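Thank you all for making time this morning. I would like to walk you through one model, going from a single residue to its surroundings and then to the interior.

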Amino acid sequence: MATNRTFTMIKPIAVSNGFSGAILKMFHEAGFRLISMKYLQMTPGQAGAFYEVHKDKPFYASLVEFMSSGPIIAAILEKENAVEEFRKLIGATDPSMAAPGTIRNLYGKNLTENAVHGSDSDENAELESSFFFSGIEQYPVDHSG
Ligand code: CDP
Ligand code: MG
């Protein structure tokens with residue numbers, strides 16, 4: 001079933017460079033609503049599990065090392081057509097190829113240290129969200145009443 005949610009991480013390089021606030025502002029200004037968010041450092045085992053789909057790729061070891069090298073911000077975002085719209089906002093995987101004004105173009109350092117993650121399908125958005133967030137964390141109750 002198609003959803004209007006995607007999953008993102010602000011990667012260690014962007015957090016350590018102090019870009020988290022600017023990047024979160026770009027999420028907001030592009031119309032994404034924050035559903036869930038946490039700040040944590042993954043162990044190499046956890047990063048390896050998250051990126052298991054890439055385990056046979058030549059970049060897997062360096063990706064796992066990088067993603068467990070410092071704290072990240074993990075978040076679930078909501079917007080119509082979220083997965084596709086968010087991939088547009090972040091730009092191509094390689095920051096040097098990412099369109100001007102995209103998050104990876106502005107804040108990415110290189111192909112591995114490319115500032116942010118964005119899910120590539122509705123199915124993966126759900127799997128990745130559930131990797132980090134329990135059910136109750138993904139479906140916040142409206143406390144306004
Ligand atoms: O993140 P995205 O979906 O755009 O790319 P991916 O192909 O799913 O790769 C996952 C992550 O692996 C990228 O975001 C990069 O951090 C890293 N990567 C890399 O280090 N070297 C590559 N040749 C390709 C990806
Ligand atoms: Mg991907």
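Let me begin with Lys11, which, once its neighbours within four places in sequence are set aside, is in contact (heavy atoms within 4.5 Å) with Tyr51, Phe66, Met67, Ile72, Arg104, Thr112, Asn114, Ala115, Val116 and His117.

Before going further, a word on the ground rules: this is a predicted model, in which local features need pLDDT of at least 70 and side-chain atom pairs count only at pLDDT 80 or more, while totals for chains, interfaces and linings use all residues. Residues are numbered from 1 along each chain as its sequence is written, chains are lettered from A and ligands numbered from 1 in the order in which they are written, and side-chain values use heavy atoms, with hydrogens and water left out.

Lys11 sits in the loop between β1 (5-10) and α1 (12-16), where helices (H or I, at least four residues) and strands (E, at least two) are DSSP runs numbered from the N terminus. Lys11 is buried, yet it has no salt bridge, and the nearest side chain of opposite charge, Glu128, is 10 Å away. Buried here means under 20% relative accessible area, with a 1.4 Å probe and protein chains only; a salt bridge would need a side-chain nitrogen of Lys or Arg within 4 Å of a carboxyl oxygen of Asp or Glu, and for charge, Lys and Arg count as positive and Asp and Glu as negative, with His and the chain ends not counted.

Lys11 is also one of the residues around ligand 1, a group that includes His54, Thr93 and Arg104, taking a heavy atom within 4 Å as the criterion. Polar side-chain atoms lie 3.0 Å from a ligand oxygen for His54, 2.5 Å for Thr93 and 2.9 Å for Arg104.

Turning to the interior, the largest nonpolar core has 18 residues, and those with the most contacts inside it are Phe7, Met9, Met67 and Phe132. Such a core is a set of buried Ala, Val, Leu, Ile, Met, Phe, Trp, Tyr and Cys residues joined through side-chain atoms within 4.5 Å. β1, α3 (44-50), α4 (60-67) and β3 (72-78) each supply at least two of its residues, and α4 gives the most, with 5. A second, separate core of 17 residues includes Ala14, Met26, Phe27 and Leu89.

Finally, is Ser36, in strand β2 (residues 33-40), buried or exposed? Ser36 is buried, with a relative accessible area of 5%.

Definitions and conventions. Buried means under 20% relative accessible area, exposed over 50%, partly exposed in between (1.4 Å probe, protein chains only). A polar contact is a pair of N or O atoms within 3.5 Å; within protein, one must be able to donate a hydrogen and the other to accept it, and residues adjacent in sequence count only if both atoms are side-chain atoms.
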